[in-house]
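I set out to keep a short record of what I looked up in this structure. The entries follow the order in which I made the searches.

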Amino acid sequence: MTVEKVLEFSDVVIVYDNFPAVAGATFSVNAGEIVLLQGANGAGKTTLLRACAGLLPIARGSANVLGCDLRLDRLAVRSRVGLLGHANGLFQDLTVLENMLFWSRLVGATRNDVDQAMDAMGLSGRLSETQVAKLSAGQRRRCALASLIVRRAQLWLLDEPHAGLDAQGRDELDRTLRAARDAGATVIFASHEIERASALATRSLVVASGTVKPA
Amino acid sequence: MLSQSAPKFSSTGTQATRIVGVLTIVVMTWVVISGLVFTPADVVQGESVRIMYVHVPSAWIAYLAFIVTAIASAFYIFAKRHSLGFDRVAGASAEVGVMFMVITLVTGSLWGRLTWGEFWQWDPRLTTTAFLLVTYIGYLAVRRLDGSIEQRARRSAVIALLAVLEIPLVHFSVVFWRSLHQRATILDPNGDVKMDGLMLFTLFSGVVGFTLVFVWLILHRQRTMLLSDLANQSGLDAAILARQNESVSN
Amino acid sequence: MKKTVKKTGRSRVASAVFIKDLRIEARSRVVTNQVLPFAGLIMVMFAFALDNDDVLQRVAGGLIWLATIFSLFIIVQRSFAIDTSDSALDSLRVAGIDLSAVFLGKSIALSLQLIALDVVLIAAAFLLYQVQVSVIGLVLLVTCVICATTGLGFVGTLYGGLTAGTNGRETLLPLLLLPVVAPVLIAATRATEAAFGSGGAAISEGWAWVGLLAIFAAVFGVGGSLAFGPLIDE
């Protein structure tokens, strides 16, 4: 039985501002996994996630994501992964619904997809007509996640997705990630909340000083 | 691509640069002596005509430098393998070009002061040259933006190619602007000079000599750029090791 | 989940970006409340400084376009502040959105804001400087404004995208943009003077300048669509 490998990194070095933030990372992720990246601040988790999304050049080693060689073509992978970093990528002056409709128009999703995603993240009703600038941090996070759902990414890359969410929001997030996995997506996420995150994850990896080891 | 080994040379000089350097000294010595002593003063312009021996060659080099930058940038962008060598040549050429552009403008306005009585005229050639200077100062500023070497190379190559679109538009609009309002009231910079054989030969030697200076500077400059890129690279090897050892000691 | 999102058409992306930018401006009113008064003030200050109706009529065209270009710097920075404040531009890049479509959408939105600005500036020239215009002159003026703002929208978006999020963008943007927009300043000023009949300029002279503005817009429209992606990508 062969398992489809979604991601395969071998001795990857990523240089950011002349600093090797990732210094020889080797790991792979199979389809349908929910992988947790643990590690201290500055260990290289964020850089690793951004590189998986094809945003950063690979200085050395080989990196393959969803069948695309990141050394040769970083652009090809982008429309198929969804990255949620520390910023939410929302427009502050637009309402939640307008932000969602903007994204749906870009990726060719239907209004129905948008409504479903907003329902899933508890953003329908009064909240949908609220400007993003007036939302709480947790509500913004949910809005950003909803736009990932609309994008139908095959590989979800989430940097500290639990940060800023209340207990209810965290439960919703966990449910959303499991639902995404059940729908065929693969999830890699970084988190400091080991207990909650370990319960969610199917496997944990430790990122330390720019390298990756099994937990 | 940079080689991963440590640089094998300790200076930017090579056999080639030494030959070019010696040739440069010989030709430039001849230009200086001939331009200042052997050639006669002009009937109309007097001694000020001697500025021409610096001004015309440096203007030629300035434009040549920007053509080299544009061509090297095009090679970087369109070649299958994005060779950073082209980027270094483009950057070195733009730096040298900016210097010669400044020399051109300074000698031009000194000559203008003596001939027209004014340092500056809104002459199409002068105006275009000034805009070209600002454009390439902008190009050099873009090269200094944060980012990786590849990012620097791609951004600056795109900017250099955009400048190729921009300069003809600037030149055409300035020519068009002046021609509608005042028709050639100023002296053509060289048209009035009756050149004898020696003057022409000295001017020609100046062009050759300055071109040699240009080649010599480019060869050295792109090699210093290579050295500094290599230094970063070897720093990287050490930094990767240090980063990995961090994790061992933890 | 094997159903991959299909590539969306360029015009669809461009129109989404265009509507988004204009909607945000309609709601935040940064250009309306800050740039318009700034540009209007430039016109008033020149009236004080020159204090001579003949001179003002003569230079009205130049002042309108100088004020437009100074305002361009502010509008461009605002246009990209929208996209970089919460890294939305990053999200667009990660999602693999066609960046040339983003370029077109942002450029046209920028041009429309500039047109609105120029309408106010030209009205100010009529009120403050007593310039006059014939019907044919008005046709020339409208064509000139459309061509000039289209070109400015393209170059503004192109270089604004490059400097967005970099250190020292406030000074780098004018350094890069000023030499590029020089042809627009010259051509639009001459065409506007022809339309106003300033200094006895004939209207027919203006059309040649409008032609130059159209060439400029076409060159940077094509060049910008090709260059925008490589410029802003990491």
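**Entry 1: Salt bridges**

I began with charged side chains and found that Glu33(A) forms a salt bridge with Arg203(A), with the closest N and O atoms 2.7 Å apart. I counted a salt bridge where a side-chain nitrogen of Lys or Arg lies within 4 Å of a carboxyl oxygen of Asp or Glu. This pair links distant parts of the chain: Glu33(A) is in the loop between β2 (19–30) and β3 (34–38) of chain A, Arg203(A) is in strand β9 (residues 203–208) of chain A, and the two are 170 residues apart. Helices (H or I, at least four residues) and strands (E, at least two) are DSSP runs, numbered from the N terminus.

I noted at this point that the model is predicted: local features need pLDDT of at least 70, side-chain atom pairs count only at pLDDT 80 or more, and totals for chains, interfaces and linings use all residues. Residues are numbered from 1 along each chain as its sequence is written, chains are lettered from A and ligands numbered from 1 in the order in which they are written, and side-chain values use heavy atoms, with hydrogens and water left out.

I then looked up the accessibility of the two partners. Buried means under 20% relative accessible area, exposed over 50%, and partly exposed in between (1.4 Å probe, protein chains only). Glu33(A) is buried, because its relative accessible area is 13%. Arg203(A) has 29% and is therefore partly exposed.

A further pair in chain A is Arg170(A) with Glu193(A), whose closest N and O atoms are 2.4 Å apart in a salt bridge. Arg170(A) lies in helix α5 (residues 167–182) of chain A and Glu193(A) in the loop between β8 (186–190) and α6 (194–200) of chain A, so the pair ties together parts 23 residues apart in sequence. I recorded Glu193(A) as partly exposed, because its relative accessibility is 28%.

In chain C, I found a salt bridge between Asp21(C) and Lys20(C), with 2.7 Å between the closest N and O atoms. Are these two residues buried or exposed? Asp21(C) is buried at a relative accessible area of 3%, and Lys20(C) is also buried, at 3%. In chain B, salt bridges with shared partners join Asp87(B), Arg88(B), Arg143(B), Arg152(B) and Asp229(B) into one network. Over all chains, my search returned 25 salt bridges.

**Entry 2: Contacts between chains**

I next examined chain C against chain A. Contact (heavy atoms within 4.5 Å) involves 34 residues of chain C and 35 residues of chain A. The two chains bury about 3200 Å² between them, 57% of it on carbon and sulfur atoms. Buried area is the accessible area (1.4 Å probe) that two parts lose on being put together, summed over both. How many salt bridges are there between chain C and chain A? The count is three, and among them is Arg23(C) with Glu98(A), at 3.6 Å from N to O.

For chain B and chain C, I noted 27 residues from each chain in the contact. About 2500 Å² is buried between them, with 79% on carbon and sulfur atoms. I found zero salt bridges between chain B and chain C.

**Entry 3: Chain B**

Chain B has six helices and zero strands. Of its 250 residues, 46% are buried. Among contacts in chain B between residues at least 6 apart in sequence, 82% join residues at least 24 apart. Its accessible surface is about 12400 Å², of which 70% belongs to carbon and sulfur atoms. Accessible areas come from the Shrake-Rupley method with a 1.4 Å probe; for residues, only the protein chains shown count as cover.

I also located a nonpolar surface patch of about 560 Å², made by Val102(B), Val106(B), Leu110(B), Phe119(B), Trp120(B) and Trp122(B). Patches are made of residues with over 30% relative accessible area and no salt bridge: like charges are joined within 9 Å, nonpolar side chains (Val, Leu, Ile, Met, Phe, Trp, Tyr) within 5 Å. Leu110(B) lies in helix α3 (residues 84–115) of chain B and is partly exposed at 43% relative accessibility.

**Entry 4: Cysteines**

Finally, I searched for disulfides (pairs of cysteine sulfur atoms within 2.5 Å) and counted zero over all chains. For Cys52(A), the nearest cysteine sulfur is that of Cys68(A), 13 Å away. Cys52(A) is buried at 1% relative accessibility. For Cys144(C), the nearest cysteine sulfur is that of Cys147(C), 7.6 Å away. Cys144(C) is buried at 0%.
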